Amino acid sequence: MKNFRFPRIAVLLIGASFFSCESEKTVQQEEISQNNVSKEIIAKLADFDVNTSDVRKVDFLLPEGKTTPMYQMEGDIHMSEAQIMGLPSLQNLAGKNYHTNNLVSQNKVITIIGYTGGSQALSTKEQTALQWAVDNYNALGLSISFNLTYGTDYQSKDMVVYRNPSQSGTGGSAGFPSGGNPYKYVQIYGLNNYDTNVVEHVITHEIGHSVGFRHTDWYSRQSCGQNQNEGDAGVGANPIPGTPSGYDPTSVMLACFSSSEDGEFNNNDIIALNYLY
């Protein structure tokens, strides 16, 4: 996971112009091995167009404070072993867009809860940002919609948004859909010092992953000041029809975000959402 990123020369902890939407790795984390990730897991992820250069097994924090083993990849994507092994093969497909093969079922009302219990509780600002993010999705009249509540009874919900107080860095994490359902767990962290619009952006971005979107700049991570391809398994990655094939500097799904984000979809984000849903 990422901490403050280093886009060109150096970034100070205060006054940095860009931050990752997941946290960059600390030195201690960099020294950790791949956590005995099996060749089978690596092969399955590679076959699904996931960058396998830094896959690691982690203890994923749940809203009530318990942890569960998961695999972390591409900085802000988490999946269980069962979810990974259940991914379909993309090798025989003619091409792909900037979204995963698995999507949320059409005409689905997604029950989403902002967690309010204990140290994982969303702050008042984070709850407001979540409301804004959900309102933006619902305003598009998509075939999926969100029914937002707040509380601690998250087990029956399709998605839970909560804070991870033990995670270093600034940003969030989520995963990809499976079985026609969105990814359930959306974490955010390190956002106390940022305004509501930035928090809205991070939540919107992670919900985007949960309903099936890849990073808009997956092929370069240009928004992070990098030139690193997240991987396409050799089958190509074509843009969603009507969206740019090159760099889109204001997309909410860029790999990294700035401290001046407004939290809103750009026109291409809206085109992409309407194409999928």
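Two strands count as paired if DSSP finds at least two bridges between them, and strands themselves are DSSP runs of E with at least two residues, numbered from the N terminus, while helices are runs of H or I with at least four. On that footing, β3 and strand β4 (residues 77–79) run antiparallel and are joined by 3 bridges. The model is a predicted one, in which local features need pLDDT of at least 70, side-chain atom pairs count only at pLDDT 80 or more, and totals for chains, interfaces and linings use all residues. Residues are numbered from 1 along each chain as its sequence is written, and side-chain values use heavy atoms, with hydrogens and water left out.

Staying with β3 for a moment, this strand (residues 67–73) also pairs with β2 (residues 56–61), again antiparallel, through 6 bridges. Gln-72 turns up in both pairings: it is the bridge partner of Arg-56, and it stands opposite His-78 in β4. Both connections are hairpins. The one between β2 and β3 has 5 residues between the strands, with Gly-65 at a positive phi near 100°. The one between β3 and β4 has 3 residues, and here Glu-74 in the turn takes a positive phi of about 55°.

As for the chain overall, there are 6 helices and 10 strands. Of its 277 residues, 55% are buried, meaning under 20% relative accessible area with a 1.4 Å probe and protein chains only (exposed is over 50%, partly exposed in between). Contacts, defined as heavy atoms within 4.5 Å, reach well along the sequence: among those with a separation of 6 or more, 72% link residues 24 or more positions apart. The chain exposes about 11,500 Å², of which carbon and sulfur atoms supply 49%; these areas come from the Shrake-Rupley method with a 1.4 Å probe, and for residues only the protein chains shown count as cover.

Next comes the open sheet. Its 5 strands follow the order β6-β5-β7-β9-β8, with mixed pairing. β6 and β8 (171–173) sit at the edges, each pairing on one side only. From one strand to the next the twist averages 20°; axes are lines fitted to C-alpha atoms, for helices over the stretch in contact, and angles run from 0 to 180 degrees between N-to-C directions. At the β8 end, β8 and β9 pair in the antiparallel sense over 3 bridges, with Gly-172 opposite Ile-188 in β9. Two helices lie across this sheet. α4 crosses β5, β6, β7 and β9, at about 165° to β6, whereas α5 crosses β5, β6, β7, β8 and β9, at about 155° to β9.

What lies inside? A nonpolar core is taken as a set of buried Ala, Val, Leu, Ile, Met, Phe, Trp, Tyr and Cys residues joined through side-chain atoms within 4.5 Å. The largest has 46 residues, and Ile-112, Leu-130, Phe-146 and Tyr-185 have the most contacts inside it. Elements supplying at least two residues each include β5 (109–115), α4 (124–138), β6 (145–151) and α6 (267–276). Leaving aside residues up to four places away in sequence, Tyr-185 touches Phe-60, Leu-62, Pro-63, Met-70, Tyr-154, Val-160, Tyr-162, Ser-173 and Ala-174. A second, separate core has 12 residues, among them Leu-45, Val-50, Met-73 and Ile-84.

Back on α4, Asn-136 is part of the helix. Asn-136 counts as buried because its relative accessible area is 17%. Beyond residues up to four places away in sequence, Asn-136 touches Glu-200, Gly-263, Glu-264 and Phe-265.
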